[in-house]
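Student: I've got this chain open on my screen and I'd like a close look at one part of it. Could you start from a patch on the surface and work outwards from there?

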Amino acid sequence: MRSSRTQKELFIASTAVVTAEVIKLVTCLGIIRFEEGSWSRTVGTTHKTVFVNFWDTLKVAIPSFVYTIQNNLLYVGATHLDAATCQVTYQLKILTTALFSIALLRKKISAVQWVSLLMLFVGVALVQLAQLDKPSINSAGREQNPWLGFMAIFMACALSGFAGVYFEKILKGADISVWMRNVQLSVVAIPIGLLTTFSYDLAEVTAKGFFHGYNAIVWSVILLQALGGLLVAMVVRYSDNILKGFSTSLAIILSCIVSIYAFGFVLTVNFCVGTLFVISSVFLYSSKIQIKS
């Protein structure tokens, strides 16, 4: 995502969010077609689930709206933060997910898990410490505002925590497949995304076109966003939402390596110590020590 936001010709981020939802919708319909065995049965099942049971579809309106805003914020964050810092900071979604899990799902968090969440918070704070006061110029010659990037990612984390837990609740509370739930999500999210695009980027879309700035890198990012969302939904369905968030923290190692070689990212003591805290919190949370607080 970072590389797609450092090009000379920037694509319109809100259009990428809509495009990802369209790809996700088409993918889910294809999987449902495979399960149903024919397009006629697929159309019938989809019509009944999405449109006849419209009140059930409305349940996903809230996470659809939240996910749309969150995805737009992620592009803002990727524009102003380097890939490694962005990835580490985004792990705050684990903390927000835990808090919303306690509030909405009445989950119990052990004392050890609370310690791991505190370590996560401290780790992200250390990573940000050396970044916030250093506006810089990216490889495309555009000025970056680390503070704006941090706030965008922080807000995305809060939205991700709420939407993820809410989606987990409705997924595990109804006999509807992950694929059909995602069809419902996309059916609601696409109009919301288009409304966002034409509300904030109408002039730019009119002047440059909906797919302005799209290239192989941008399409790759969009595909990863779309298909990654489906994988997340499967994990939410069959596993624990907080544990899912912690497992993705391991991706920061790869982000660091890529950032160093692809973007000239310079490791600092704060970043290394903060990253160590975040990774340590992963293993601490996953440990079998369960002393209830």
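Which residues make the nonpolar surface patch of about 380 Å²?

Tutor: Phe 54, Trp 55 and Leu 58 make it. Keep in mind as we go that this is a predicted model.

Let's begin with Trp 55. This residue sits in helix α3, and its relative accessibility of 72% is why it counts as exposed, the cut-off being over 50%.

Now look at the residue next in number, Asp 56. At 16% relative accessibility, Asp 56 counts as buried, because buried means under 20%. The side chain of Asp 56 meets that of Arg 181 in a salt bridge, with N and O 3.0 Å apart. Asp 56 is in helix α3 (residues 54–58) and Arg 181 in helix α9 (residues 178–200), so this pair ties together parts of the chain that lie 125 residues apart in sequence. Both partners, Arg 181 and Asp 56, are buried.

Asp 56 has a second partner too: Lys 59, with which it forms a salt bridge whose closest N and O atoms are 3.5 Å apart. Lys 59 is partly exposed, at 40% relative accessible area. Put the pairs together and you get a network of salt bridges linking Asp 56, Lys 59 and Arg 181.

How many salt bridges are there altogether? The count comes to five. One of them joins Glu 36 to Arg 41, where the closest N and O atoms are 3.6 Å apart. Arg 41 counts as exposed, with 51% relative accessibility.

Next, follow the chain into helix α4, which covers residues 61–80. You can check its length with a bit of arithmetic: 20 residues at 1.5 Å each should span 28 Å, since the expected span uses one less than the number of residues. The end C-alpha atoms of α4 are 29 Å apart, which agrees. This helix is mostly covered, with 15 of its 20 residues buried.

Ser 64 is a handy residue to click on in α4. Ser 64 is buried, with a relative accessible area of 1%. What does it touch, if we skip the neighbours within four places in sequence? Ser 64 is in contact with Leu 185, Val 188, Ala 189 and Ile 192. Those numbers fall within residues 178–200, the stretch given for helix α9.

That stretch overlaps with something in the records. An unreviewed UniProt entry places the feature "transmembrane region" at several ranges, including residues 147–167 and 179–200. In the model, residues 179–200 are 100% helix and 0% strand, with end C-alpha atoms 30 Å apart. Residues 147–167 are likewise 100% helix and 0% strand, and their end C-alpha atoms are also 30 Å apart.

Ala 20 gives another view of this neighbourhood. You'll find it in helix α1 (residues 13–36), and at 10% relative accessibility it counts as buried. Ala 20 and Ser 186 are 166 residues apart in sequence, yet their C-alpha atoms are 9.4 Å apart in space. For contacts, again leaving out neighbours within four places, Ala 20 has Ile 222, Gln 225 and Ala 226.

One more stop along the chain: helix α6 (residues 92–105). Its 14 residues should span 20 Å at 1.5 Å a residue, and the end C-alpha atoms are 19 Å apart, which agrees. Among the buried residues in α6 are Leu 92, Ile 94 and Ser 101. Just after α6 comes Arg 106, with a positive phi of about 55°, in a residue other than glycine. Arg 106 belongs to the loop between α6 and α7 (111–129), and it is exposed, with a relative accessible area of 63%.

Finally, zoom out. The protein chain has 14 helices and two strands, and 49% of its 293 residues are buried. Of the contacts with a separation of 6 or more, 85% are between residues 24 or more positions apart. The chain exposes about 14,100 Å², and carbon and sulfur atoms supply 70% of that. Back where we started, the patch of Phe 54, Trp 55 and Leu 58 contributes a nonpolar surface of about 380 Å².

Conventions. Residues numbered from 1 in each chain as written. Predicted model: local features only at pLDDT ≥ 70, side-chain atom pairs only at ≥ 80, totals over all residues. Heavy atoms only, no water. Helix = DSSP H or I, 4+ residues; strand = E, 2+ residues; numbered from the N terminus. Buried < 20%, exposed > 50% of the residue type's maximum accessible area, 1.4 Å probe, protein only. Contact = heavy atoms within 4.5 Å. Salt bridge = Lys/Arg side-chain N within 4 Å of Asp/Glu carboxyl O. Patch = residues over 30% accessible without salt bridge, like charges linked within 9 Å, V, L, I, M, F, W, Y side chains within 5 Å. Areas by Shrake-Rupley, 256 points an atom, 1.4 Å probe, with all protein chains shown as cover. UniProt positions renumbered as here; feature names shortened; annotations may be inferred.
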